[in-house]
Amino acid sequence: LSAVAGACANSRHIPSFGIAFDIDGVLLHGARVLSEAQRALSILDGNNQFNRKIPYILMTNGGGTSEVDRSRKLTEQLGFEITTSNFMQAHTILKSHAQKYANKPVLVLGGKRDALRKVAEDYGLQHVYTTLDVKAWNPDVWPFCDLTPEERASAKPVDFSTTPISAIFVFHDPRNWALDVQIMMDIIQSRGIIGSSGPLVSAPPVELVFCNPDLQWRSEFPRPRLGQGAFREAFQAVHQAVTGAPYPYTQFGKPTTQTYEFAEKMLHARMVELHGVSVTSDIQPRFYMIGDNPESDIAGANAAGWSSILVRTGVYDPADGPPTHKPTHEAENVEAAVHWAIEREF
Ligand code: G3P
Ligand code: MG
């Protein structure tokens, strides 16, 4: 009878907690959906012993396409409704942080460059250029690559000798590190004008923004792959060798505080949307992060005061020794992680 009473009491229990799921290495390996991912999301969708929907978001350091396009693709892949209200990616935070460059020329890097230009323009940036535009303007900028006919067709004709670039945004993982590092050096050393001999004394230093610090990430390959954090290290090593010092930059993405604050707002909105749960003196929402990368998912959640659950299906491999950041809990996979969180909450 006490078990039934307990279950009844719980059925009225409104979940005042939410879960953030990392994507790569937790739900997906590249394009492949992990079988436990769908079972985990089904539990949160109400198929649990308490018959309650539990608020969740997907929170990735990935990017390169619009939030609408990526969430639509995730809905198809996972079989659960993912929308822009429960999905955030590395550069989503730029929607507000990039406004000061709305009407200034900026360079964006990463992913499929023409698709990325559209993402940046949708964020309100009006003069968006890519490294393929620069290569199309003057092929000598980097003689060791050629544009494909498609890349040439999508390039924006512009004279960079009279177009001072004010900021460089690395939205997603760059594809041609050599071309990109060369053009970043040209812009930074000249304070904006590619090919000019010295810095434009009237111009402020070019702002450099990275959106994903991941040194490594988990795709289909059985071992982790180098991520945008590795690109940043490569660029900084070249800048240090050429100028004698690294270049100052702004970093977003997990584990940064701004990204977790952004995620908390999104999770809280989901809690209000699902159950009307609002932050009051006696209901302080609790947040869980389920991730595969101790450096981004666990470090960021721990610093934000969330509960962190490290899974063994991605970057972290127990054979390599203990994780660099200690999680609240370690689980075999995302389904086991969800069961642990729910048991803990109800
Ligand atoms: O480029 C994506 C990769 O760096 C990590 O993605 O989903 O594990 O945060 P995720
Ligand atoms: Mg991951």
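This briefing walks through the overall build of the chain, the surroundings of its ligand and two backbone details. The model is a predicted one. Its chain holds 12 helices and 15 strands, and ligand 1 takes up the space of the largest pocket.

**Overall build**

- Alongside the 12 helices, the chain has 15 strands.
- The chain is as compact as a globular protein of its length, because its radius of gyration is 22 Å, close to the 20 Å that the globule rule gives for 346 residues.
- Measuring tape in mind, picture a C-alpha trace that spans about 85 × 40 × 35 Å along its principal axes.

**Around ligand 1**

- A good place to start looking is the set of 13 residues around ligand 1, of which Asp22, Asp24, Thr60, Asn61 and Lys254 come nearest.
- By type, the residues of this shell divide into 6 charged, 5 polar and 2 nonpolar.
- Asparagine 212 places a polar side-chain atom 3.0 Å from an oxygen atom of ligand 1.
- For aspartate 173, a polar side-chain atom lies 3.4 Å from an oxygen atom of the ligand.
- Isoleucine 23 takes part through its backbone, with an N or O atom 3.4 Å from an oxygen atom of ligand 1.
- On its own, ligand 1 has 320 Å² of accessible area, and the protein covers 97% of it.

**Backbone details to look for**

- Most peptide bonds are trans, and most residues other than glycine have a negative phi.
- Against that background, the peptide bond from lysine 254 to proline 255 is cis, with omega near 15 degrees.
- You will find proline 255 in the loop between strand E12 (250–251) and helix H10 (257–275).
- Lysine 254, on the other side of that cis bond, is also among the residues that come nearest to ligand 1.
- Arginine 191 is not a glycine, yet it has a positive phi of about 55 degrees.
- To locate arginine 191, follow the chain into the loop between helix H8 (177–190) and strand E9 (207–210).

Definitions and conventions:
Residues numbered from 1 in each chain as written. Chains lettered and ligands numbered in written order. Predicted model: local features only at pLDDT ≥ 70, side-chain atom pairs only at ≥ 80, totals over all residues. Heavy atoms only, no water. Near = heavy atom within 4 Å. Polar contact = N/O pair within 3.5 Å; in protein donor to acceptor, adjacent residues only side chain to side chain. Areas by Shrake-Rupley, 256 points an atom, 1.4 Å probe, with all protein chains shown as cover. 1 Å grid on protein atoms, 1.4 Å probe; cavity = no way out; pocket = protein on both sides within 12 Å on 5 of 7 lines; lining within 4 Å. Sits in = over half its atoms within 2 Å of the grid points. Nonpolar A, V, L, I, M, F, W, Y, C, P; charged D, E, K, R; others polar. Helix = DSSP H or I, 4+ residues; strand = E, 2+ residues; numbered from the N terminus. Rg over C-alpha atoms; globule rule 2.2 N^0.38 Å.
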